[in-house]
Amino acid sequence: MKSFGSLQLIQAKAFVLKNLFFIFHYGVLKFKIPLYGFTILVETTMTQISDKSNSQNPVKDEVREAIINVAANIFYKFGFRKTTMDEIANAAHKGKSSIYYYFSSKEEVYQAVVEKEAISLRAQVTDAVNDHDDPREKLRAYISVRMKSHEKLHNFYDAINNDTLSHLEFIGMIRQAYNNEELRMVQAILDSGVQQKIFLIEDTELAAIVIVIAMKGLEIPLLTTSRSENLNRHLDRMLDILLYGIIIR
């Protein structure tokens, strides 16, 4: 991954802020948005994580899967730091030695839980996006599923957002993979819109960066202040601003 010096970081932030203004001022539909790009180096994808999880022993996989499912509830209830292998073993109705047969440490159990939720999110988003042909509806479906998934994929989003977990080696890989996959998918939707002459964007790569940054900044306030019955309405308004901007035309 390319590293940035302090001056380069300031310049990169300035690019993003400038293009956030253009998108939310003008929207992305049929207006020329002068986005200025820089290269994203994709080193890891969620697909690679999914491939890594496959094994050739169905019986062992079934037991391992059961442990992961139980551990997911324990980690959600107590958090990573307070969860113990004894608690996981008790909840799974197994001896602690049986847990260690499948996982060498609590960190490895947690990694398996987070990776499973990451793969689940990828599948949900992919299915939702593929249900539509219109890139506007693809973008709407993507944002909707992404925002609503917080309610069920607690461990994954805690791993992504909790700075106290940064010391775990796999967390950095998960975060990078998630960011790369999110950028790839959003850019693919934007490219489709440009090809169909629905979106008019000079640099879909940077437009994807801007949209992803905007979603990350809005997801927590949106979900913590909105009742479930109002969530769809709030998401629709956010997408309207994204697509059409805020100016009178």
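Let's start with two helices that run alongside each other: the axes of α6 and helix α9 (residues 169-195) come within 11 Å and cross at roughly 5 degrees. Angles under 35 degrees count as roughly parallel, so α6 and α9 are roughly parallel to each other. On the α6 side, the contact is made by E107, Y110, Q111, V114, E115, L121, R122, V125, T126 and V129. From α9 come F170, I171, M173, I174, Y178, E181, R184, M185 and I189. Sort the residues of this α6 with α9 contact by character and you get 12 nonpolar, 2 polar and 5 charged.

Before going further, a word on what you're looking at. This is a predicted model. The protein chain has 249 residues, of which 42% count as buried. Its secondary structure comes to 11 helices and 0 strands, so from the N terminus on you read α-α-α-α-α-α-α-α-α-α-α. As for how the chain meets itself, take the contacts with a separation of 6 or more: residues 24 or more positions apart account for 72% of them.

Now back to α6, which has another partner. The axes of helix α6 (residues 106-130) and helix α8 (residues 154-161) come within 8 Å and cross at roughly 105 degrees. That crossing angle makes α6 roughly perpendicular to α8, since 65 to 115 degrees is the range for that label. Here α6 contributes Y110, V113, V114, E117, A118 and L121, while α8 brings H154, N155, F156, Y157, D158 and A159. The residues of the α6 with α8 contact divide into 8 nonpolar, 2 polar and 2 charged.

Y110 turned up in the contact with α9 and again in the contact with α8, so let's stay with it. At 1% relative accessibility, Y110 counts as buried, because the cut-off for that is under 20%. What aromatic cluster does Y110 belong to? It is one formed by F75, F80, Y110 and F170. F170, you may recall, is among the α9 residues that touch α6.

The rings are worth a closer look. The structure holds 8 aromatic pairs. One of them is F75 with F80: the ring centres are 6.2 Å apart and the planes sit at 20 degrees, so the pair is stacked. Both F75 and F80 are buried. F80 also forms an aromatic pair with Y110, and this one is tilted, with 4.9 Å centre to centre and 45 degrees between the planes. That pair ties together distant parts of the chain, as F80 is in helix α3 (residues 58-82) and Y110 is in helix α6, 30 residues apart.

F80 has one more neighbour to point out. K106 lies over the face of F80, at 4.4 Å from the ring centre. F80 itself has a relative accessible area of 7%, so it is buried.

Finally, step along the chain to T84. Is T84 buried or partly exposed? T84 has a relative accessible area of 33%, so it counts as partly exposed. The C-alpha atoms of T84 and I74 are separated by 9.0 Å, with the two residues 10 apart along the chain.

Technical notes: Residues are numbered from 1 along each chain as its sequence is written. This is a predicted model: local features need pLDDT of at least 70, side-chain atom pairs count only at pLDDT 80 or more; totals for chains, interfaces and linings use all residues. Side-chain values use heavy atoms; hydrogens and water are left out. Axes are lines fitted to C-alpha atoms, for helices over the stretch in contact, and angles run from 0 to 180 degrees between N-to-C directions. Helices (H or I, at least four residues) and strands (E, at least two) are DSSP runs, numbered from the N terminus. Angles under 35 degrees count as roughly parallel, over 145 as roughly antiparallel, 65 to 115 as roughly perpendicular and the rest as oblique. Contact means heavy atoms within 4.5 Å. Ala, Val, Leu, Ile, Met, Phe, Trp, Tyr, Cys and Pro count as nonpolar, Asp, Glu, Lys and Arg as charged, and the others, Gly among them, as polar. Rings of Phe, Tyr and Trp (its six-membered ring) pair if their centres lie within 6.5 Å; planes under 30 degrees apart count as stacked, over 60 as edge-to-face and the rest as tilted. Buried means under 20% relative accessible area, exposed over 50%, partly exposed in between (1.4 Å probe, protein chains only). A charge sits over a ring if NZ of Lys or CZ of Arg is within 6 Å of the ring centre and within 35 degrees of the ring normal.
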